[in-house]
Amino acid sequence: MLILSASPSACRFFSTHRVSSSSISLAFSVTSSFRSSPCVYYTSKVRGMAELVQDKESTEKRSGSATAAVVSSGSGAEKHSRTFLDVRVQEELLSEIRKEKEAGKLPPNVASGMEELYHNYRNVYDSGIPRADEVVLSNMSVALDRIFLDVEDPFEFAPYHKALREPFDYYVFGQNYIRPLVDFRNSYVGNISLFYEMEEKLQQGHNIVLISNHQTEADPAVIALLLENSLPHIAENMTYIAGDRVVTDPLCKPFSMGRNLLCVYSKKHMDDDPKLVEMKKRANTRSLKEMAKLLRGGSQIIWIAPSGGRDRPDPLTGEWYPAPFDASSVDNMRRLAEHSGVPGHIYPLALLCYNIMPPPPQVEKDIGERRVICFHGAGLSVAPEISYHEVSSDCADPEEAKVAYTDALYNSVTAQYNVLKVAIHGRKGPEASTSTVSLSQPWI
């Protein structure tokens, strides 16, 4: 996509995700318990997500609906197995994976990935949340069920994908899955007032474009988790420019299905297979047309990472920093917004969350990379919108203007990122605030 100060012993390896949400039982809602006990982040009344699937199916049966528990590209969902939803202890999850693999219903590589996913998600235990064993069983039961369903009946993403909220709510599912991995005690939002400003502009029919760095495949989840309590509309309605990997990896797809996505092929992977280059270009053209259509309708908030991929650490120092922005990508996005016929605003957004799911050190061609997963603090910050015409007024030609505008956005993102780093990794918290970045925890 849109995508390490923790000790190695606190990390695990696993593949996939995507996410967001607001409320739902087991939806570890952030409550006033933050104030009384910083270790308690979730409601005490935990009801498994698997039960939500069961309730949804019961409702459908009572209403006479022939629709299965999920919108699918085919009809296989109607005959979908309840293998993983019926388990009562965690050990049964592994035995059911092996059973379905031996029956030929799960490809060996997918089965292996599911096992790895389960083992690594148990990192939730390190988060200190109450009744962690129930959280792991509940969240993993539904995650494996959704993955298995997509193997049985693969979902196909359109160039513009609208989050699937019913009959099964993939947005809430993904949000609940990632939430236990975020250390909210050591997480911060920079300039929350500007997010409220954005919400007002959206209500007026304006468009918002967020030019951002990209850290992990969980970026959409982290953004939504940090905003859902104070700005649920933005958290749930943001559209992400997403790379093809998150809509093709079977372990990733269920999480992507809960997000609003404009699906594109990244420049970094455009030439992986020469035979597919033209097909990828045509697909990107279709996605651009969908984006232009959305912007013409107004009230859109779109997130894009013009680096074309996730940030990586410096190979010599190991320090993480926002990857450079591609000037052409920034300029294309700017022109789309300006030519939509609707007022548009471009804001620089900084995101720090790589510890939760850092990418491989190098860009990989193959689908199914291994990833480290940790419980860690995260940060999000936005700066005032940057006007292209103000930045480019002294430029000699369009090319110079394009580069100058990209640099202005990138420099703002980097400056905000450094403040978040001091707050989270330097453990300075709100004291890391500066004259341009005011840090807060709006969920308290």
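**Note on a predicted model: helices 11 and 12 against the sheet**

1. Helix 11 lies across five strands, namely strand 2, strand 4 (207–212), strand 5, strand 6 (260–264) and strand 7, and runs at about 145° to strand 6. Helix 12 also packs on the sheet: strand 4, strand 7 and strand 8 (344–352) are touched by helix 12, whose direction makes about 175° with that of strand 4. The model is predicted, and the remarks below should be read with that in mind.

2. The sheet in question is open and consists of nine strands in the order 2-6-5-7-4-8-10-3-11, with mixed pairing. Its edges are strand 2 (160–161) and strand 11 (439–440), each of which pairs on one side only.

3. One pairing may be given in detail. Strand 5 (residues 239–243) and strand 7 (residues 301–304) run in the parallel sense and are paired over two bridges. Which residue of strand 7 is the bridge partner of Thr239? The partner is Ile302. In general, the strands of a sheet pair through backbone hydrogen bonds, in either a parallel or an antiparallel manner.

4. The two helices also pack on each other. Two packed helices are described by the angle between their axes and the distance between the axes. For helix 11 (residues 277–297) and helix 12 (residues 327–338), the angle is about 40° and the axes are 9 Å apart. Angles under 35 degrees count as roughly parallel and those of 65 to 115 as roughly perpendicular; helix 11 and helix 12 are therefore oblique to each other. Their crossing is right-handed.

5. On the side of helix 11, the contact is made by Leu288, Met291, Ala292 and Leu295; helix 12 contributes Met333, Leu336 and Ala337. By class, this contact of helix 11 with helix 12 comprises seven nonpolar residues, with no polar and no charged ones.

6. Two backbone features in loops deserve inspection. Glu166 and Pro167 are joined by a cis peptide bond, with omega about 0°; Pro167 is situated in the loop between strand 2 and helix 6 (170–178). Arg131, a residue other than glycine, has a positive phi near 55°. Arg131 belongs to the loop between helix 4 (108–121) and helix 5 (132–152).

7. As to confidence, the chain has a mean pLDDT of 82, and 77% of its residues reach 70 or more. The pLDDT is below 50 over residues 1–48, a stretch with 181 contacts in the model beyond near neighbours in sequence. Residues 58–76 likewise have pLDDT below 50, and that stretch has 37 such contacts.

Technical notes: Residues are numbered from 1 along each chain as its sequence is written. This is a predicted model: local features need pLDDT of at least 70, side-chain atom pairs count only at pLDDT 80 or more; totals for chains, interfaces and linings use all residues. Side-chain values use heavy atoms; hydrogens and water are left out. pLDDT is the predictor's confidence in each residue, from 0 to 100. Contact means heavy atoms within 4.5 Å. Axes are lines fitted to C-alpha atoms, for helices over the stretch in contact, and angles run from 0 to 180 degrees between N-to-C directions. Helices (H or I, at least four residues) and strands (E, at least two) are DSSP runs, numbered from the N terminus. Angles under 35 degrees count as roughly parallel, over 145 as roughly antiparallel, 65 to 115 as roughly perpendicular and the rest as oblique. A crossing is left-handed if the near helix is turned anticlockwise from the far one by less than a right angle, and right-handed if clockwise. Ala, Val, Leu, Ile, Met, Phe, Trp, Tyr, Cys and Pro count as nonpolar, Asp, Glu, Lys and Arg as charged, and the others, Gly among them, as polar. Two strands pair if DSSP finds at least two bridges between them.
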